[in-house]
Amino acid sequence: TECEKEPGSLLWIFVMVGNIVRGMGETPIMPLGISYLEDFAKAENSPFYLACLHTATVIGPFLGLLLASFCAELFVDIGSVGADEVPITATDARWVGAWWLGILICALLNLLVGIPFWFLPKSLVKEGESNEPEETSEKSAAPLQENDKNETKQTMYEIAKGKLYYVLFPSYFDFIPFLKALFHNPVYMLFICITVLQFSAFDGMISFMPKYLEQQFGKSASDAIFLIGVYNLPVLCVGYFSGGLFMKKFKINIYQAANIAFWVSLLEYLLYFAAYWTVCDTSPVAGLTVSYQ
């Protein structure tokens, strides 16, 4: 008998590490970008700028789904295997698209787009304000120098008292009380729970809807990905942009924005709940809904 070897590969580790590195690079953009806008933008213009930022975060996945739809039509071994040598088509369940091609393209684009971030200034003049005069900055230089000297003396005093750990890691002692205060804030925790539920529903749709379209309507993987991108993400872009423009034009405060978000979310829930009455006939699947015979 011939020796049987189970198929296996450790290349998935490279994909996992690449996704971890990508997540580490993408995560600071949202919190730091929002803080960057809040610090240097007018209060009435901040919602519009944030809407533009969130719209851009939706346009990215939309373009990514279009790219994935294109790559899914190409065979996984493109370049080494000719199209004439592949006996199956994209609608066949055994078809594997060129999933790796989109990763390489997006990695190159991320590298190019990340270069301008090196040239962002550390601080900006707040929108609508002018630079401080030189005389003012010169007058404020002396108190700052005195404060630095006082901080140095205080630091040496803490070291002398044995508080070296507090001197070396001051941010740790500031972070824990701040995090505890956030966890005890009911508004913040409610917002976190709502955000988790919203993203869970969205991720579920992105994960399972393509397979549903393939099985129920006989679509190929590329067509299913394209339909999801076209029918869902442009509407989100319009919602983000129009919401920010609406808040900027009518100067909506936080309380009014919370009321608007509640009623719009309730309407969204009712519309999604109506999908329970949208029932399609189950397609026959051998071994699952019908017997093999």
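**View 1. Gly 239 is partly exposed, with a relative accessible area of 40%.**
This glycine sits in helix H9, and like everything else shown in these panels it comes from a predicted model. Look across from Gly 239 to Ala 51: the C-alpha atoms of these two residues are 8.9 Å apart, although 188 residues separate them along the chain. The 40% value for Gly 239 falls between the 20% and 50% cut-offs, so this residue counts as neither buried nor exposed.

**View 2. Helices make up the whole list of elements in this protein, with 10 of them and zero strands.**
Read from the N terminus, the order of elements is α-α-α-α-α-α-α-α-α-α. Of the 293 residues in the protein, 13% count as buried. If you take the contacts between residues at least 6 apart in sequence, 58% of them join residues at least 24 apart.

**View 3. The largest nonpolar core holds nine residues.**
Its members are Val 58, Leu 65, Met 205, Leu 213, Ala 224, Ile 225, Ile 228, Leu 233 and Cys 237. Three helices each give two or more residues to this core: H3 (46-72), H8 (186-217) and H9 (221-250). H9 supplies the largest share, with five residues. Zoom in on one core member, Ile 228, and leave out residues up to four places away in sequence: Ile 228 then touches Leu 65, Met 205, Ile 206, Met 209, Pro 210, Leu 213 and Leu 233.

**View 4. Helix H9 has the end-to-end span you would expect from its number of residues.**
H9 has 30 residues, and at 1.5 Å a residue they should span 44 Å; the end C-alpha atoms are indeed 44 Å apart, so the two values agree. The buried residues along H9 are Ser 222, Ala 224, Ile 225, Ile 228, Gly 229, Leu 233, Cys 237 and Gly 244. H3 and H8 are among what covers them.

**View 5. Just past H9, Lys 251 has a positive phi.**
The phi of Lys 251 is near 55°, and this is a positive value in a residue other than glycine. You'll find Lys 251 in the loop between H9 and helix H10 (254-273). Is Lys 251 buried or exposed? At 64% relative accessibility, Lys 251 is over the 50% cut-off and so counts as exposed.

**View 6. Helix H8 has a kink of about 35° at Phe 208.**
The kink comes shortly before a proline, Pro 210. How does the span of H8 compare with the expected one? With 32 residues at 1.5 Å each, H8 should span 46 Å, and its end C-alpha atoms are 45 Å apart, which agrees. Pro 210 is also one of the buried residues of H8, along with Met 205, Leu 213 and Gln 216. H9 is part of what covers these buried residues. Right after H8 comes Gly 218, with a positive phi near 65°.

**View 7. Thr 55 is a buried residue of the protein, with a relative accessible area of 9%.**
Thr 55 belongs to helix H3. Setting aside neighbours within four places in sequence, its contacts are Cys 237, Tyr 240 and Phe 241. The 9% figure is under the 20% cut-off, which is why Thr 55 counts as buried.

**View 8. The cysteines of this model form zero disulfides.**
Take Cys 106 as a case: its nearest cysteine sulfur belongs to Cys 71 and is 8.1 Å away, and Cys 106 is in no disulfide. A disulfide needs the two sulfur atoms within 2.5 Å, so the 8.1 Å gap from Cys 106 to Cys 71 rules this pair out. Cys 106 has 35% relative accessibility and therefore counts as partly exposed. Cys 52, at 29%, is partly exposed too.

**View 9. UniProt marks several spans of this protein with the feature "transmembrane region".**
The entry is unreviewed, and it places the feature at residues 12-36, 48-76, 96-120, 187-209, 224-246 and 258-279. What does the model show over residues 48-76? That span is 86% helix and 0% strand, and its end C-alpha atoms lie 42 Å apart. Residues 187-209 are 100% helix and 0% strand, with end C-alpha atoms 33 Å apart.

Note on methods
Residues are numbered from 1 along each chain as its sequence is written. This is a predicted model: local features need pLDDT of at least 70, side-chain atom pairs count only at pLDDT 80 or more; totals for chains, interfaces and linings use all residues. Side-chain values use heavy atoms; hydrogens and water are left out. A nonpolar core is a set of buried Ala, Val, Leu, Ile, Met, Phe, Trp, Tyr and Cys residues joined through side-chain atoms within 4.5 Å. Buried means under 20% relative accessible area, exposed over 50%, partly exposed in between (1.4 Å probe, protein chains only). Helices (H or I, at least four residues) and strands (E, at least two) are DSSP runs, numbered from the N terminus. Contact means heavy atoms within 4.5 Å. The expected span of a helix is 1.5 Å times one less than its number of residues. The bend at a residue is the angle between axes fitted to the seven residues ending there and the seven starting there. UniProt positions are given in the numbering used here, feature names are shortened, and annotations may be inferred rather than shown by experiment.
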